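Here is a short set of exercises to work through with the model open beside you. Try each task before you read its solution.

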Amino acid sequence: MSTSTPQTWTVGHDGSAGASHATTWAITQAVGRNVDIRLVRSWLIPAIDFPLPVESIDEFAPTRVCDDIDDVVARALESGVSVSQHIVRGIPAATLLSESNDSSLVVVGSRGLGGFRRLLLGSVSSQCAAHALAPTVVVPDAAPADRPIERIVVGLDGSDRSQRALAWATDFAPDGCEIMVVGAWAPWSSGHVEQELQRARDHFDEILDRLEADAGATRFVRRFECADPSATLLEEASRADLLVVGQRGHSGLSAAILGSVSTHVLH
């Protein structure tokens with residue numbers, strides 16, 4: 001785990017329980033790292049039926065990022081983590097995407113105040129995962145948020161994006177963390193399956209052999225098989241603290257930022 005280079009983690013907070021849960025996750029993972037956490041809340045002018053003087057607009061701005069900000073800051077200070085709050089006028093997703101330009105990580109809950117209760121993933125979370133310029137962590141409501149990461153699962157299909165995802169996971173992993181690398185290969189046709197499977201397996205091993213040689217002490221746990229990628233990743237994720245995938249792998253259309261596997265596991 002690298003602690004020398006200062007980092008800024010942007011955490012979206014709209015006052016919801018999911019946002020507070022994501023904040024707890026960010027503070028927990030920031031302990032021992034050289035990280036500044038920025039709690040960001042965006043606000044919009046409410047819809048009204050009469051003209052609003054320009055000088056009155058700022059009166060609608062919230063005065064705090066979240067009601068429990070004092071508790072959040074106190075908890076962070078006890079852990080040695082720097083936390084600041086920032087209130088920005090604008091659309092939530094657009095605000096966080098803009099903040100991602102200068103962030104090392106964006107952290108959001110799976111669903112905020114604006115989401116329907118039956119939705120597992122809100123629009124802000126999905127837009128950040130698809131379009132943020134920094135890696136984005138979506139923290140599910142049911143996921144433990146107050147414990148360190150001990151096991152990371154990474155999907156590797158050989159594409160550049162999946163290799164960058166693996167490199168990020170390797171750098172992000174705390175000392176002693178297990179990194180399980182999953183290569184699940186599904187054949188495109190019924191012909192030459194064994195030969196294609198062997199080529200995919202060889203490429204998978206070549207990538208990991210090279211990364212292990214470069215990283216020195218890092219040793220990956222490997223799982224490669226002919227299986228549905230989404231199902232295999234979700235199976236491994238059920239026993240992990242973090243699941244990492246690239247935005248789009250080999251099967252994605254050039255216009256699709258999030259591929260089918262990434263979208264599936266994100267939801």
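Rings of Phe, Tyr and Trp (its six-membered ring) count as a pair when their centres lie within 6.5 Å. Keep in mind throughout that this is a predicted model.

**Exercise 1. The aromatic cluster**

Task: Find which residues form one aromatic cluster, and work out how two of its pairs are classed.

Solution:

Step 1. Start with the total: the structure holds 4 aromatic pairs.

Step 2. Take tryptophan 9 and phenylalanine 172, whose ring centres are 5.9 Å apart with 35 degrees between the planes. Planes under 30 degrees apart count as stacked and over 60 as edge-to-face, and this pair is tilted.

Step 3. Place the pair on the chain. Tryptophan 9 belongs to strand β1 (residues 7-12) and phenylalanine 172 to helix α5 (residues 160-172), so the pair links distant parts of the chain, 163 residues apart.

Step 4. Check the burial of both partners. Tryptophan 9 has a relative accessibility of 1% and counts as buried; phenylalanine 172, at 5%, counts as buried too.

Step 5. Now turn to tryptophan 25 and phenylalanine 172. Their ring centres are 6.3 Å apart and their planes meet at 10 degrees, so this pair is stacked. Because tryptophan 25 lies in helix α1 (residues 17-30) and phenylalanine 172 in helix α5, the pair ties together parts that are 147 residues apart in sequence.

Step 6. Collect the members: Trp9, Trp25, Trp168 and Phe172 form one aromatic cluster.

Step 7. Add a charge to the picture. The charged end of arginine 33 sits over the ring of phenylalanine 172, at 4.2 Å from the ring centre.

**Exercise 2. Helix α1**

Task: Describe helix α1 by its span, and say how many of its residues are buried.

Solution:

Step 1. Helix α1 has 14 residues and reaches 20 Å from its first C-alpha to its last. That is close to the 20 Å expected at 1.5 Å a residue.

Step 2. Count the covered positions: 10 of the 14 residues of α1 are buried, and the helix is mostly covered.

Step 3. Name some of them. The buried residues of α1 include Gly18, Ala22, Trp25, Ile27 and Gln29.

Step 4. Look just past the helix. Glycine 32 follows α1 and has a positive phi, near 85 degrees.

**Exercise 3. Core and cover**

Task: Identify which residues touch the most other members in the largest nonpolar core, then find what covers the buried residues of helix α4.

Solution:

Step 1. The largest nonpolar core has 44 residues, and Trp25, Ile37, Val107 and Ile152 touch the most other members.

Step 2. Follow one of these. Leaving out residues up to four places away in sequence, isoleucine 152 touches Ala169, Ala173, Cys177, Glu178, Ile179, Met180, Leu242 and Val244.

Step 3. Move to helix α4 (residues 123-131), where Ser125, Cys128, Ala129 and Ala130 are buried. Their cover includes α3 (92-99), β4 (105-109), β5 (136-139) and α8 (260-266).

Step 4. Compare two cysteines. Cysteine 128 is buried at a relative accessible area of 1%, whereas cysteine 226 is partly exposed at 42%. With a cut-off of 2.5 Å between cysteine sulfur atoms, the count comes to 0 disulfides.

**Exercise 4. Two residues of helix α7 and one of α6**

Task: For serine 230, threonine 232 and alanine 200, decide whether each is buried or exposed, and list what each touches beyond four places in sequence.

Solution:

Step 1. Serine 230 lies in helix α7 (residues 229-237). Its relative accessible area is 6%, so serine 230 is buried. Its contacts are Val261, His264 and Val265.

Step 2. Threonine 232 is also found in helix α7. At 3% relative accessibility, threonine 232 counts as buried, and it touches Val182, Ala184, Arg223 and Ala227.

Step 3. Alanine 200 sits in helix α6 (residues 193-215). Its relative accessible area is 19%; since buried means under 20%, alanine 200 is buried.

Step 4. Alanine 200 is in contact with Trp185 and Phe224. The C-alpha atoms of alanine 200 and tryptophan 185 are 7.5 Å apart, with their positions 15 residues apart along the chain.

**Exercise 5. The whole chain**

Task: State how many helices and strands the chain has, and what share of its residues is buried.

Solution:

Step 1. The chain has 8 helices and 9 strands.

Step 2. Of its 267 residues, 39% count as buried.

Step 3. Among contacts with a separation of 6 or more, 74% come from residues 24 or more positions apart.

Technical notes. Residues numbered from 1 in each chain as written. Predicted model: local features only at pLDDT ≥ 70, side-chain atom pairs only at ≥ 80, totals over all residues. Heavy atoms only, no water. Helix = DSSP H or I, 4+ residues; strand = E, 2+ residues; numbered from the N terminus. Buried < 20%, exposed > 50% of the residue type's maximum accessible area, 1.4 Å probe, protein only. Contact = heavy atoms within 4.5 Å. Core = buried A, V, L, I, M, F, W, Y, C linked by side-chain atoms within 4.5 Å. Lys NZ or Arg CZ within 6 Å of the ring centre and 35° of its normal. Expected span 1.5 Å × (residues − 1).
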